[in-house]
Amino acid sequence: MRPQPDFIHEFVPGKSERTLLLLHGTGGNERDLIPFGKELDPNASLLSPRGKVLENGMPRFFRRLAEGVFDLEDLRKRTNELADFVVSAAEHYKIDIKHIIAVGYSNGANIAASMLLLRPEALAAAILFRAMVPLVPETQPNLAAKCVWIGAGSDDPIVPALETKQLSELLRAAGADVTIRFFQSGHELTSDDVDLAREWLTHLQY
Ligand code: MLT
């Protein structure tokens with residue numbers, strides 16, 4: 001039986017105990033980030049779901065009302081659904097949930113941040129490229145053992161620098177160990193993002 005609740009997804013078994021949960025941006029799919037995941041950690045398993053929401057035919061992980069304005073009810077529902085998928089996929093593929101690290105870009109980074117805030121037990125750590133504040137939880141989670149790396153673009157037209165700082169403050173207030181790196185770029189990723197995230201991942205202890 002496939003993991004329930006199911007998502008269209010790719011699973012690539014790896015050689016180490018680590019799994020990267022790859023979360024694509026708006027308009028992406030489950031195949032997009034596989035080469036990127038291999039570049040970040042060639043030994044990790046890769047679990048890469050496709051977002052279930054369609055916006056003008058483009059897959060996303062949750063609904064938005066406008067750019068940067070999120071449907072919070074849908075976001076909460078989709079965050080729980082994705083966390084349930086991760087838990088059941090871990091059982092299905094016999095991977096250790098304590099070694100699952102989210103790697104999200106844009107909309108994928110936003111749902112990864114939402115998972116940290118609402119369902120922190122489903123992730124050991126997270127790499128968030130161009131993330132926003134997805135929501136402010138009613139109850140503060142305990143993120144004491146969680147490490148988070150945030151890669152932001154200094155000229156990102158979608159994510160202002162202030163929002164990156166607000167996200168890091170929200171995560172730090174809950175106890176997370178947050179590293180922020182700003183790159184001279186917009187919303188798009190640069191090779192420096194990849195290099196620094198890879199280096200962080202290599203030394204990550206959790
Ligand atoms: C979002 O909707 O998650 C953000 O606006 C980023 C995007 O996907 O454009």
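**Cavity lining and ligand surroundings**

In this predicted model, the lining of the largest cavity comprises, by class, four nonpolar residues, one polar residue and three charged residues. The residues that form this lining are Phe-7, Gly-51, Lys-52, Phe-61, Arg-78, Glu-81, Leu-82 and Ile-111. Of these contributions, the largest share, amounting to three residues, is supplied by helix H2, which spans residues 72-92. The volume of the largest cavity is about 30 Å³, and the structure holds one cavity of 30 Å³ or more.

The ligand has its own set of surrounding residues, namely Thr-26, Arg-60, Phe-62, Arg-64, Gly-68, Phe-70, Ser-106, Asn-107, Asn-110 and Met-132. When this shell is sorted by class, five of its residues are polar, three are nonpolar and two are charged.

Within the shell, several side chains place polar atoms at short computed distances from oxygen atoms of the ligand, as the following values show. For Thr-26, a polar side-chain atom lies 2.5 Å from a ligand oxygen atom, while for Asn-107 the distance between an N or O atom of the side chain and an oxygen atom of the ligand is 2.9 Å. In the case of Arg-64, an N or O atom in the side chain is found 3.1 Å from an oxygen atom of the ligand. Taken alone, the ligand exposes 260 Å², and 96% of that area is buried by the protein.

Technical notes: Residues numbered from 1 in each chain as written. Predicted model: local features only at pLDDT ≥ 70, side-chain atom pairs only at ≥ 80, totals over all residues. Heavy atoms only, no water. 1 Å grid on protein atoms, 1.4 Å probe; cavity = no way out; pocket = protein on both sides within 12 Å on 5 of 7 lines; lining within 4 Å. Points joined across faces, edges and corners; volume = space filled by probe spheres on them. Helix = DSSP H or I, 4+ residues; strand = E, 2+ residues; numbered from the N terminus. Nonpolar A, V, L, I, M, F, W, Y, C, P; charged D, E, K, R; others polar. Near = heavy atom within 4 Å. Polar contact = N/O pair within 3.5 Å; in protein donor to acceptor, adjacent residues only side chain to side chain. Areas by Shrake-Rupley, 256 points an atom, 1.4 Å probe, with all protein chains shown as cover.
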